[in-house]
Amino acid sequence: MGSHRRIPGIPSGMAGVSRRQFLGGASAAVLAAALTACTGGGQMSRRSQAAGDALQWWDQFRPLTKMLESDLFTPYEQGHKGVTIERRQMDAPNLGQALQVARRSNQMPDVHSLAGLGSVSPAALVSEGWFQPVGKLADFAGSPIAGQLYDGIHRFNGEIYSFAPFSGRNHEAVPWFNTALLKEAKVDPKDEPATWDDLRAIARRVTKGNASGAYGMVIPLKDPAYLATLVHRLAMTAGSPGTGISAVDWATGEYVHDSQPYIDAIEFLVSLQKDKVVHPASASMGPRDARARWAAGQAAIYPWGAWFVGGLRVDEPEAVERGVGVWHIPCPETTRNFVYSPPSPGTFWVSSQSKKAKAAAEVLLQMTTKEFQLKLAAAMDQPPALAEVVKEAEVHPAYRQCVANFQEDVRIGPVPEVGTPGVWQVLAEMRDIHPDLGDIVQSVLTGSSSDVGGQLRRYKDQLSAERERAIKAVKEKKGVQVGLDAWVFANWDRKKDYEQQDYAGR
């Protein structure tokens, strides 16, 4: 997503707050820090109003600011006298902290996204009473995105709570490139790198073939969440199963963090550093910092999500004018493997504290129309749920190509929470394991460790043991019937999308 990471979009949570701490309520110290961070930050995109007079809307989508106001809020206000919508846009970590503070003080916005809330399942938040259903307030079941509503993701106990305005068919490791730097190094942008070695070779040519001292690639090593997601995606191109940021073999239900595809993915990133093609300041960069360096012409290639162009257009438009292009995600060999993503989750939710739920639901329903989806595509953030509209939308050619590549490269994979509702309780019970995948990748790439296989094996074993403990705990404490078979999808076809009806035939 344009304002974090996403990774998005392509995702990092509140620093230092685990799933269990989050569900149990933040500590006084965390709440105090959140108040400090959030009372003076963020951007108001509407005229100032008293909180009780306006429908309050909080999210992190910086590239969508103008579009949301012009094409969603204003038309609704004009058709509904007396309704005013006030939006606040914040970076993901600040948004997560602000929501914690607001919930504890009963000052939640009417509508908000979940950015910055870490890996807490929406199902867990539903069970904690965060939201209220919207399906009876507006006709989402009859909307153009009705086929993309999943039990356990958008629908709980038969009630629709949210929907996906964005498509799940995307990933966060798109190779975006600076056209000018490639041409200066005599690399034809149309000569797409099919393999990791091809991409590595191009990065070497760029590093050696420009007069400005630019590097072949920039990778934000400061952000473990970014690194974990990048390695998950690269491992999938090497043949690993799993969906999104999970590393699970759906045939067995076992974690596969120590499998050869993961080792190969990390060693590929190490090889780029050995070639000295990665910007040397990468260790101090988060994703936004890396994009700024890329926009300044200091690196040619940056793997990130579809929202890359939309973010550039808002913050560094001169970089778009200079030239930006995109390739398919390369694979280790010329044989193509799919990248697997889950169905897109609910993006906006109506707070259980909201007194304007019907108006909020009606505004959200407008996001499902083709007209709005065209506008959403034009903002060039995550691909819209109706991805086909991108072909006729007013978008940069590189964004259109990126979304077209997703149709070829990405398949929708299984999600355990959809197949077995009790899974979310297991995930909520599980304690965070550190060092996790992102920590391990960071330690290897910054030279703190070289034992890739050993660290991955220990992490997988610890994670497996923690999942078994959590399963036992929720059975004993809550009577939840769930086992390791909840992570097994014997009918999964790696070449096809795993759809809602497939869960019944496991």
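This passage looks at strand 3 and at the salt bridges of a predicted model.

Strand 3, spanning residues 85–89, is mostly covered, with five of its five residues buried. Its side chains split between two directions: Ile85, Arg87 and Gln89 point one way, while Glu86 and Arg88 point the other. Strand 3 runs parallel to strand 2 (residues 55–59), and five bridges join the two. Within this pairing, Asp59 is found opposite Gln89. Together with helix 3 (residues 65–79), the two strands build a right-handed β-α-β unit.

The same pair of strands also carries a salt bridge, formed by Arg87 and Asp59, whose closest N and O atoms are 2.7 Å apart. Arg87 belongs to strand 3 and Asp59 to strand 2, so this contact links distant parts of the chain, 28 residues apart. Both Arg87 and Asp59 are buried.

In total, the model holds 20 salt bridges. Another of them brings together the side chains of Arg291 and Asp315, at 2.8 Å from N to O. Here the partners come from helix 10 (residues 287–295) and helix 11 (residues 308–315), respectively, and are 24 residues apart. Arg291 is buried, at a relative accessible area of 1%, whereas Asp315 is partly exposed at 28%.

A further salt bridge pairs Lys370 with Glu392, with 3.4 Å between the closest N and O atoms. Because Lys370 lies in helix 14 (residues 370–379) and Glu392 in the loop between helix 14 and helix 15 (397–409), the pair ties together parts that are 22 residues apart in sequence. Lys370 counts as partly exposed, at 40% relative accessibility. Finally, salt bridges with shared partners connect Glu429, Arg431, Glu466, Arg469 and Lys477 in one network.

Conventions:
Residues numbered from 1 in each chain as written. Predicted model: local features only at pLDDT ≥ 70, side-chain atom pairs only at ≥ 80, totals over all residues. Heavy atoms only, no water. Buried < 20%, exposed > 50% of the residue type's maximum accessible area, 1.4 Å probe, protein only. Helix = DSSP H or I, 4+ residues; strand = E, 2+ residues; numbered from the N terminus. Pairing = 2+ DSSP bridges. Right-handed = clockwise from strand over helix to strand, strands pointing away. Salt bridge = Lys/Arg side-chain N within 4 Å of Asp/Glu carboxyl O.
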